[in-house]
Amino acid sequence: MFRISSLTLTTALALLLIPSQIVHAFTLNGSFETGNFDNWTTTGQTSVEDSSFGVDPTDGNKQAALQTLQDITVTNAVEIETFLGLSTGTLTNQGATEGSAIKQIVMANAGDTLSFSWNFLTDQDPDPTYDDLAFFTLNNNLTENINIPNTPSFSILAKETEYQSFSYTISSSGTYTLGFGIVDRGDTTVNSALLVDNVQIQSSAVPEPMTILGSFAALGFIARLNKKRNDI
Ligand SMILES: [Ca+2]
Ligand SMILES: [Ca+2]
């Protein structure tokens, strides 16, 4: 009798554990409202700033700030490639010399949407050799920010793109390294910065009705099983 019940219970639990999704999508502290980089890993000159930076965050009161800084050595570009899991030369082949980056391991399902707000700021005058580079990465894929700042900024930097929103549809389910970075190019001077806020992964998955029904049926089955045991 006990053996049969255990087997039945195992079957019922297995029904409960049938997943409708491979993983659950999320980012932790994606809006930086903790006031620090909890759940993120950083390298170089990174800080969490409020509106006293001269730019208002897009969500809540805090935002991440990554800078290359003026005449101060931050992380060299080769180390940033390694930090973000990029192929050798991804940054250095574009003349990148040094900069700063943050990253977080995230899980996502195919069809989920990664979105965030970004603002690229610089003190550089436009020059193809020295235009600094802002980017985000997902695993070893790099997406450049091709917008060169040209709007006067009220921050500590001269110009900014102002906050822009970006979204990207995840094509395959899995675990990803999500990164953001800013690098000097052509030299190691003249500051540029990347502000990031409101990093989210929104799930496209809706539990299937049959899965929900199956879960309730299995729960009911276990409840009946327990009642039967108590009656023995
Ligand atoms: Ca925020
Ligand atoms: Ca620079």
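These are my notebook entries on strand 7 and the nonpolar cores of a predicted model.

Before starting, I noted that local features need pLDDT of at least 70 and side-chain atom pairs count only at pLDDT 80 or more, while totals for chains, interfaces and linings use all residues. Residues are numbered from 1 along each chain as its sequence is written, and chains are lettered from A and ligands numbered from 1 in the order in which they are written.

**Entry on strand 7.** I looked up strand 7, residues 133-138 (strands are DSSP runs of E, at least two residues, and helices are runs of H or I, at least four residues, numbered from the N terminus). Five of its six residues are buried, a term that requires 20 or more other C-beta atoms within 10 Å of the residue's own, with C-beta atoms placed from the backbone.

**Entry on its partners.** Strand 7 pairs with strand 12, residues 174-185, in the antiparallel sense over six bridges, where pairing takes at least two DSSP bridges; here L138 stands opposite L178. Strand 8, residues 141-144, also runs antiparallel to strand 7, joined by four bridges, and F136 stands opposite T143. In the hairpin of strands 7 and 8, I found two residues between the strands and a positive phi near 55 degrees at N139.

**Entry on the cores.** The largest nonpolar core (buried Ala, Val, Leu, Ile, Met, Phe, Trp, Tyr and Cys residues joined through C-beta atoms within 7 Å) has 34 residues, and L194 is among those with the most contacts inside it. Strand 13 (192-202) is one of the elements that each supply at least two residues, as is strand 7, and strand 13 gives the largest share, five residues. I then noted a second, separate core of seven residues, which includes A108, L114, Y176 and L178.

Terms used. A residue is buried if 20 or more other C-beta atoms lie within 10 Å of its own, exposed if 12 or fewer, and partly exposed in between; C-beta atoms are placed from the backbone.
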